[in-house]
Each structure stands twice: as structure tokens, then as C-alpha cells.
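Thanks for making time this morning. I would like to walk you through one model, starting with a pocket and then working outward to the fold and a few residues, so please have the display open in front of you.

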Amino acid sequence: MRLILYSKPGCHLCEGLQEKLEQITDPSFELEIRDITTREDWFGKYQYEIPVLYLIQDDSEVEHPVTRPSPRASVTQLQQMLCKYMSNLEKNNAE
């Protein structure tokens, strides 16, 4: 799976979330950081919402929104949230 983080330079919430995501090893996912200042459509959509997370399953390009975690969430709490979200997404797609 691939996790997309919409972010922008100088956003301390984005940087904090990115640092925590980079510490997670299980579940396994590829982290892609998208700088919203590089595209007008991203900037228009996310300028007041960042950080924004989406999950993409390997076999599709459909972006599934992930609930934004609290900035106070620990790496462990973030990991548990992602595990639960990924499990639910896989279960829903299997049905």
C-alpha cells in the first residue's frame, strides 16, 4: 500500500506527522510526500486542510481518505490507527 501525505514546506503539523510516519515499520507502506505548493489543483484543494492523508492500495489508484490523527498522537497510536484503517479497507474490498 501507499500512503500519500499532502503537505507544504514550513508546516509544523505536516513535518511532525511525516516524522512519525517515517518511524512506522508495520504495517508496511510506501510513504509519498506531495508538496501542495507545486500544483495549483493541490494547493486550491488542500491549502486550509493540511496535513491530509490518503491511502492507495497497490492494485488501484483510488485515494481513500484517512482521518487526520491528532498532532499529539504517538507513533504507536498512529501505527495502530493505520493498521485498523488498512484492515478495514482490505475487508471492505474483499466483500
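**The pocket and its surroundings**

The largest pocket holds about 150 Å³ of space. By pocket I mean, on a 1 Å grid over the protein atoms alone, an open set of points where a 1.4 Å probe fits, with protein on both sides within 12 Å along at least five of seven lines, and a lining residue has an atom within 4 Å of a point. Grid points are joined across faces, edges and corners, and the volume is the space filled by probe spheres set on the points.

Before going further, I should say that this is a predicted model, in which local features need pLDDT of at least 70 and side-chain atom pairs count only at pLDDT 80 or more, while totals for chains, interfaces and linings use all residues. Residues are numbered from 1 along each chain as its sequence is written, and side-chain values use heavy atoms, with hydrogens and water left out.

Which residues line the largest pocket? They are H12, L13, G16, L17, K20, P51, R68, P69, S70, P71, A73 and L78. Helix α1, residues 12-23, contributes the most to this lining, with five residues; helices here are DSSP runs of H or I of at least four residues, and strands are runs of E of at least two, numbered from the N terminus. By character, the lining divides into seven nonpolar, three polar and two charged residues, where Ala, Val, Leu, Ile, Met, Phe, Trp, Tyr, Cys and Pro count as nonpolar, Asp, Glu, Lys and Arg as charged, and the others, Gly among them, as polar.

One of the lining residues, P51, sits in the loop between α2 (40-46) and β3 (52-56), and the peptide bond that leads into P51 from I50 is cis, with omega near 0 degrees.

Turning to the fold, the protein has three helices and four strands, which run β-α-β-α-β-β-α from the N terminus on. Its C-alpha atoms fill a box of roughly 35 × 30 × 20 Å along the principal axes. The radius of gyration, taken over C-alpha atoms, is 13 Å, which agrees with the value near 12 Å for a compact globule of 95 residues, the rule being 2.2 Å times the number of residues to the power 0.38.

Now to single residues in helix α1, which holds both C14 and L21. Is C14 buried or exposed? C14 counts as buried because its relative accessibility is 0%, the cut-offs being under 20% relative accessible area for buried, over 50% for exposed, and partly exposed in between, with a 1.4 Å probe and protein chains only. Leaving aside residues up to four places away in sequence, C14 touches L5, Y6, S7, K8, I50 and P51, where contact means heavy atoms within 4.5 Å. L21 is likewise buried, at 1% relative accessible area, and with the same sequence neighbours left out L21 touches L3, L5, F29, L31, L53, L78 and L82.

C83, by contrast, is partly exposed, at 32%, and the structure holds zero disulfides, taking a disulfide as a pair of cysteine sulfur atoms within 2.5 Å.

Finally, S87 is found in helix α3, residues 75-94, and is partly exposed at 40% relative accessibility. S87 lies 60 residues from P27 in sequence and 9.9 Å from P27 in space, C-alpha to C-alpha.
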